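This briefing looks at one protein model in two parts, its surface and its interior. Please keep the sequence and the structure in view while reading.

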Amino acid sequence: MAGTDNVTPLRPARSCPICGKPSVRAAYPFCSKRCADVDLNRWLSGSYAIPAAEEGPSSNVDGDSEDSEQ
């Protein structure tokens with residue numbers, strides 16, 4: 001088949017989120033297996049965390065306060 005070298009990528013080109021180099025198809029969205037492993041280590045070590053807001057005692061689902069349960 002002639003012309004199969006001009007394949008349009010499904011995803012837009014992005015830079016690696018770890019080092020900024022152009023990403024490669026084999027390790028997308030990273031530029032290499034090393035950068036993918038660095039990112040995985042950050043997830044597993046807890047470096048990436050979603051902040052959670054602690055709920056106060058007045059946020060009871062039933063609408064009752066905790067004092068009335070005694």
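On the surface of this predicted model, a nonpolar patch is formed by Leu40, Trp43, Leu44 and Tyr48, which together have about 460 Å² of accessible area. In the interior, the largest nonpolar core consists of five residues, three of which are the cysteines Cys16, Cys31 and Cys35, yet a search of the whole structure finds zero disulfides.

**Surface patch**
- Leucine 40, one of the patch residues, lies in helix 1, which spans residues 33-45.
- Leucine 40 has a relative accessibility of 45%, and therefore counts as partly exposed, since that class lies between the limits of 20% for buried and 50% for exposed.

**Nonpolar core**
- The largest nonpolar core is made up of Cys16, Ala27, Phe30, Cys31 and Cys35.
- Cysteine 16 counts as buried because its relative accessibility is 3%, and cysteine 35 is likewise buried, with a relative accessible area of 3%.
- When neighbours within four places in sequence are left aside, cysteine 16 is in contact with Lys21, Ser23, Pro29, Phe30, Cys31 and Cys35.

**Cysteine sulfurs**
- No disulfide is found anywhere in the structure; for cysteine 16, the nearest cysteine sulfur belongs to cysteine 35 and is 3.8 Å away.
- Cysteine 35 is in no disulfide either, and the cysteine sulfur nearest to it, that of cysteine 31, is 3.7 Å away.
- Why do these sulfur pairs not count as disulfides? A disulfide requires two cysteine sulfur atoms within 2.5 Å, whereas the distances here are 3.8 Å for cysteine 16 and 3.7 Å for cysteine 35.

Technical notes. Residues are numbered from 1 along each chain as its sequence is written. This is a predicted model: local features need pLDDT of at least 70, side-chain atom pairs count only at pLDDT 80 or more; totals for chains, interfaces and linings use all residues. Side-chain values use heavy atoms; hydrogens and water are left out. Patches are made of residues with over 30% relative accessible area and no salt bridge: like charges are joined within 9 Å, nonpolar side chains (Val, Leu, Ile, Met, Phe, Trp, Tyr) within 5 Å. Accessible areas come from the Shrake-Rupley method with a 1.4 Å probe; for residues, only the protein chains shown count as cover. A salt bridge is a side-chain nitrogen of Lys or Arg within 4 Å of a carboxyl oxygen of Asp or Glu. Helices (H or I, at least four residues) and strands (E, at least two) are DSSP runs, numbered from the N terminus. Buried means under 20% relative accessible area, exposed over 50%, partly exposed in between (1.4 Å probe, protein chains only). A nonpolar core is a set of buried Ala, Val, Leu, Ile, Met, Phe, Trp, Tyr and Cys residues joined through side-chain atoms within 4.5 Å. Contact means heavy atoms within 4.5 Å.
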